[in-house]
Amino acid sequence: MKDPNCIFCKIANGEIPSNTIYEDDSFRVILDNGPATKGHALVLPKDHYADIFATPEDTAAKAMIVAKKVSEKLKAKLGCEGLNIVQNNGEVAGQTVKHLHIHLIPRYTDDGQHILWNPTSPSAEELASIRDKINN
Ligand code: 5GP
Ligand code: ZN
């Protein structure tokens, strides 16, 4: 299913040109046009799913296989020393395009990027309480 108003649907299905570095029947991987680092790429399913919550399990699983294949290609061809896989869901989490996408961000020594968070210090009781809330 495609969303006629979605730019990533148009890109994934070839209606808008992109710098494609991988394509199969269900996915296209493109270079991000505002890259964090050299080779920053986006794994796009050709069908429209807004985010991880809307994505069927088999598509999510295949997306990660594509992410792995293309990560290996980025490492082999660009010589990155590491790579971050990032996937944002919802505005609060930084998602700006509401079509599921996985960021592949090659990392190089001194590339100037910081894809990190600020650790907090919950007590053992707080962690146990959160665990119980999730599990029960
Ligand atoms: P998000 O913040 O939703 O996780 O990531 C959206 C990403 O898509 C951003 O990194 C942004 O640079 C990229 N992006 C947005 N529009 C376009 C586009 O039209 N073409 C390409 N190649 N990347 C885009
Ligand atoms: Zn879409």
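What pattern does the chain follow when read along the sequence? In this predicted model, the order of helices and strands is α-β-β-β-α-β-β-α. The secondary structure thus described consists of three helices and five strands. Along the principal axes, the C-alpha atoms occupy a box of roughly 50 × 40 × 25 Å. The chain has 136 residues, of which 33% count as buried. Among contacts between residues at least 6 apart in sequence, 55% link residues at least 24 apart.

The interior was examined next. In soluble globular proteins, nonpolar side chains tend to be buried together. The largest nonpolar core of the model has twelve residues, namely Y22, F27, V29, A41, V43, A63, V66, A67, V70, L74, I102 and L104. At least two residues of this core come from each of β2, β3 (41–45), α2 (57–78) and β5 (102–107). The greatest contribution is that of α2, which supplies five residues. A second core, separate from this one, comprises eight residues, including C6, C9, A12 and I30.

The surroundings of V43, a member of the largest core, illustrate how distant parts of the sequence are brought into contact. Apart from neighbours within four places in sequence, V43 contacts F27, R28, V29, A63, V66, A67, L100, H101, I102 and L104. Several of these partners belong to the largest core as well, among them F27, V29, A63 and I102.

Strand β3 also holds P45. This proline is buried, its relative accessible area being 2%. When residues up to four places away in sequence are set aside, P45 touches A12, S26, F27, T59, H99 and L100. Of these partners, F27 is part of the largest nonpolar core, whereas A12 belongs to the second, separate core. The C-alpha atom of P45 is separated by 32 Å from that of R131, a residue 86 places away along the chain.

A charged residue is also found in the interior. R28 is located in strand β2, and its relative accessibility of 10% is under the 20% limit, so R28 counts as buried. Two polar contacts of its side chain were identified. One reaches the backbone oxygen of I11 at 3.1 Å. The other, at 3.2 Å, joins the side chain of R28 to that of E23. Beyond its neighbours within four places in sequence, R28 is in contact with I11, A12, N13, G14, S18, T20, Y22, E23, L42, V43, L44 and K46. The contacts of R28 thus include Y22 and V43, both listed in the largest core.

The loop between β3 and α2 contains D47. With a relative accessibility of 26%, D47 falls between the limits of 20% and 50% and therefore counts as partly exposed. The side chain of D47 forms a polar contact of 2.7 Å with the side chain of K2. Besides K2, D47 touches M1 and H99, residues up to four places away in sequence not being counted. H99 is likewise among the partners of P45. The C-alpha atoms of D47 and N13 lie 8.6 Å apart, although 34 residues separate the two along the chain.

A contrasting environment is found at D110, in the loop between β5 and α3 (124–135). D110 has a relative accessible area of 77%, which is over 50%, and it is therefore exposed. Its phi angle is near 60 degrees, a positive value in a residue other than glycine.

Finally, the pockets of the model were considered. The largest pocket has a volume of about 300 Å³. Its lining is made up of 17 residues, and those closest to the centre are F8, I30, D32, N33 and L42. Two or more lining residues are given by each of α1 (7–12) and β2 (27–31). The largest share, three residues, is that of α1. By type, the lining divides into eight nonpolar residues, eight polar residues and one charged residue. Two of the central residues also appear elsewhere in this description: I30 is included in the second core, and L42 is among the contacts of R28.

Note on methods
Residues are numbered from 1 along each chain as its sequence is written. Chains are lettered from A and ligands numbered from 1 in the order in which they are written. This is a predicted model: local features need pLDDT of at least 70, side-chain atom pairs count only at pLDDT 80 or more; totals for chains, interfaces and linings use all residues. Side-chain values use heavy atoms; hydrogens and water are left out. On a 1 Å grid over the protein atoms alone, a cavity is a set of points where a 1.4 Å probe fits but cannot get out, and a pocket is an open set with protein on both sides within 12 Å along at least five of seven lines; lining residues have an atom within 4 Å of a point. Grid points are joined across faces, edges and corners, and a volume is the space filled by probe spheres set on the points. Helices (H or I, at least four residues) and strands (E, at least two) are DSSP runs, numbered from the N terminus. Ala, Val, Leu, Ile, Met, Phe, Trp, Tyr, Cys and Pro count as nonpolar, Asp, Glu, Lys and Arg as charged, and the others, Gly among them, as polar. A nonpolar core is a set of buried Ala, Val, Leu, Ile, Met, Phe, Trp, Tyr and Cys residues joined through side-chain atoms within 4.5 Å. Buried means under 20% relative accessible area, exposed over 50%, partly exposed in between (1.4 Å probe, protein chains only). Contact means heavy atoms within 4.5 Å. A polar contact is a pair of N or O atoms within 3.5 Å; within protein, one must be able to donate a hydrogen and the other to accept it, and residues adjacent in sequence count only if both atoms are side-chain atoms.
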